[in-house]
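Work through the exercises below with the structure open beside you. Try each task before reading its solution.

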Amino acid sequence: MNYEYVCKKVQLDKKEFREAQVFFRNGDFFQLSIGEIVDIDIQFYDTLIAGERGFCPVAKSGLIKCKLKDRKPQYDNSLLYNQKEYSKNRKAYLENRCIEEGGIYYIRLFDKNHWHYGIYGDIVAYKEDGYLIFKFQANKTYGSAEKAFHVVNAPNITKQVVEKIDLDFENCDGFMIYQEEIQDIQINFKKELEWNSSCFGREIENGFIRLKLDKEIEWRRVNVYGCNEKIPNIKKLERRLCGRGIDDCDICHLYVYYKYAGYCREYEECIGIDDIRPWEEIEKEEKKNGFGSYIGGYAKREEDGSILIVFGKSKEEI
């Protein structure tokens, strides 16, 4: 079983990013709007750290250069303890907050699709020629930075470590399953991590989940078309998984919530599932129908009433 996962380091290009969010250690954050980011030049440590439902890089050195505006971004949801001073003079307040008070540890960079790339680091700010510059400082805590790829170790997924799993379907349907409903789970991951629109995440190579839904669980989170009851209809959820016995499975992500470090300490991981078909077959279907489908495996009702969800294998291979 693999515990070590890798991914190629990314060379960030300022042209790819339009906006940003800057986070302070006390929980405050503010937004940088379109046009405020002038330059990005960052070098990363080899190690990834947990964050954003997956694993994020840590900056060893480099900078993000900004030209702050007085006016707030159009859709500004910044959270700052001194909102009055921020509203009075945004530029002056943010410069003072970043330079004099400090405490910046995390920055999100957003692209045109509003997907983001999260970066942790020891960050200090200073002004130079009218620009506000966020500088990343070295910290030997994070180890080496010589490799061309990132690396991280992550545990296997077993029933014992899982609290619940949010099954995320390709059409945005989804519902939660709980530890007591999971009879068995065996997942094999690809060694290489993939960027999942916010961080790097693990992807399933193959494996399965065997579960038996419990109708007594009335607090289940459900977002499935045609299943609007306050107490979810188990048969409708089973049908969404395996049709009337066996069907292609269009689950594209598992959002795994671990039994973690006790009350108020939740840890969630987003795990990707690839379409099992060749890309040529997917393209052909899209051209023919004007839209595509998604097949990550299959789901089958077993004789004992349980549901077997299989990843990385089609129902024709049974």
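## Exercises on a predicted model

Arg53 sits in the loop between β4 (37-51) and β5 (54-66). The model is predicted, and this loop is where the exercises begin.

**Exercise 1. What is the sign of phi at Arg53, positive or negative? Is Arg53 buried, partly exposed or exposed?**

Step 1. Read the backbone angle. Phi of Arg53 is near 65°, a positive value in a residue other than glycine.

Step 2. Read the accessibility. Arg53 has 41% relative accessibility, so Arg53 counts as partly exposed.

Step 3. Turn to another loop residue. Asp129 is in the loop between β7 and β8. Its phi is also positive, about 55°, although Asp129 is not a glycine.

Step 4. Check the surface of Asp129. Its relative accessible area is 68%, so Asp129 is exposed.

**Exercise 2. Test the length of helix α2 (residues 90-101) against the expected span.**

Step 1. Take the 12 residues of α2 at 1.5 Å a residue. The rule uses one less than the number of residues. The expected span is 16 Å.

Step 2. Compare the ends. The end C-alpha atoms are 15 Å apart, which agrees.

Step 3. Find the buried residues of α2. They are Arg90, Tyr93, Leu94, Glu95, Arg97 and Cys98.

Step 4. Recall the helix repeat. An α-helix has 3.6 residues a turn, so residues three or four places apart point the same way.

Step 5. Ask what covers the buried residues of α2. The cover includes helix α1 (83-88) and the strands β2 (19-24), β3 (29-32), β6 (104-110), β7 (116-128) and β8 (131-137).

Step 6. Look just past the helix. Gly102 takes a positive phi of about 65° there.

Step 7. Look for charged partners. Arg97 is linked with Asp28 and Glu101 in a network of salt bridges.

**Exercise 3. How many disulfides does the structure hold?**

Step 1. Start with Cys7. Its closest cysteine sulfur is in Cys199, 10.0 Å away. That is too far for a bond, because a disulfide needs sulfur atoms within 2.5 Å.

Step 2. Go on to Cys199. The nearest cysteine sulfur to Cys199 is that of Cys56, 5.0 Å away, and Cys199 is in no disulfide.

Step 3. Give the count. The structure holds 0 disulfides.

Step 4. Add the burial. Cys7 has a relative accessible area of 3%, so Cys7 is buried. Cys199 is at 2%, so Cys199 counts as buried too.

**Exercise 4. Which parts of the chain does the salt bridge between Arg221 and Asp166 link?**

Step 1. Check the distance. The closest N and O atoms of Arg221 and Asp166 are 2.7 Å apart.

Step 2. Place both residues. Arg221 is in the loop between β15 (203-211) and β16 (222-223), and Asp166 is in strand β10 (residues 162-169). The pair is 55 residues apart and links distant parts of the chain.

Step 3. Describe their surroundings. Arg221 is partly exposed at 35% relative accessibility. Asp166 is buried at 11%.

Step 4. Try another pair. Arg240 and Asp173 meet through their side chains in a salt bridge of 2.9 Å, N to O. Arg240 is in helix α3 (residues 234-242), while Asp173 is in the loop between β10 and β11 (174-178), 67 residues apart. Both are buried.

Step 5. Finish with the total. The count comes to 25 salt bridges.

**Exercise 5. Is Ser306 buried or exposed? Which residues does Ser306 contact?**

Step 1. Locate Ser306. The loop between β20 (297-301) and β21 (307-311) holds Ser306.

Step 2. Judge the burial. Ser306 has 0% relative accessibility, so Ser306 counts as buried.

Step 3. Find a polar partner. The side chains of Ser306 and Asp304 make a polar contact at 2.6 Å.

Step 4. Leave aside neighbours within four places in sequence. Ser306 is then in contact with Gln183, Arg210, Leu211, Lys212, Lys300 and Arg301.

Step 5. Follow Lys300. Lys300 forms a salt bridge with Glu302, with the closest N and O atoms 4.0 Å apart. Lys300 is partly exposed, with a relative accessible area of 29%.

Terms used: Residues numbered from 1 in each chain as written. Predicted model: local features only at pLDDT ≥ 70, side-chain atom pairs only at ≥ 80, totals over all residues. Heavy atoms only, no water. Helix = DSSP H or I, 4+ residues; strand = E, 2+ residues; numbered from the N terminus. Buried < 20%, exposed > 50% of the residue type's maximum accessible area, 1.4 Å probe, protein only. Polar contact = N/O pair within 3.5 Å; in protein donor to acceptor, adjacent residues only side chain to side chain. Contact = heavy atoms within 4.5 Å.
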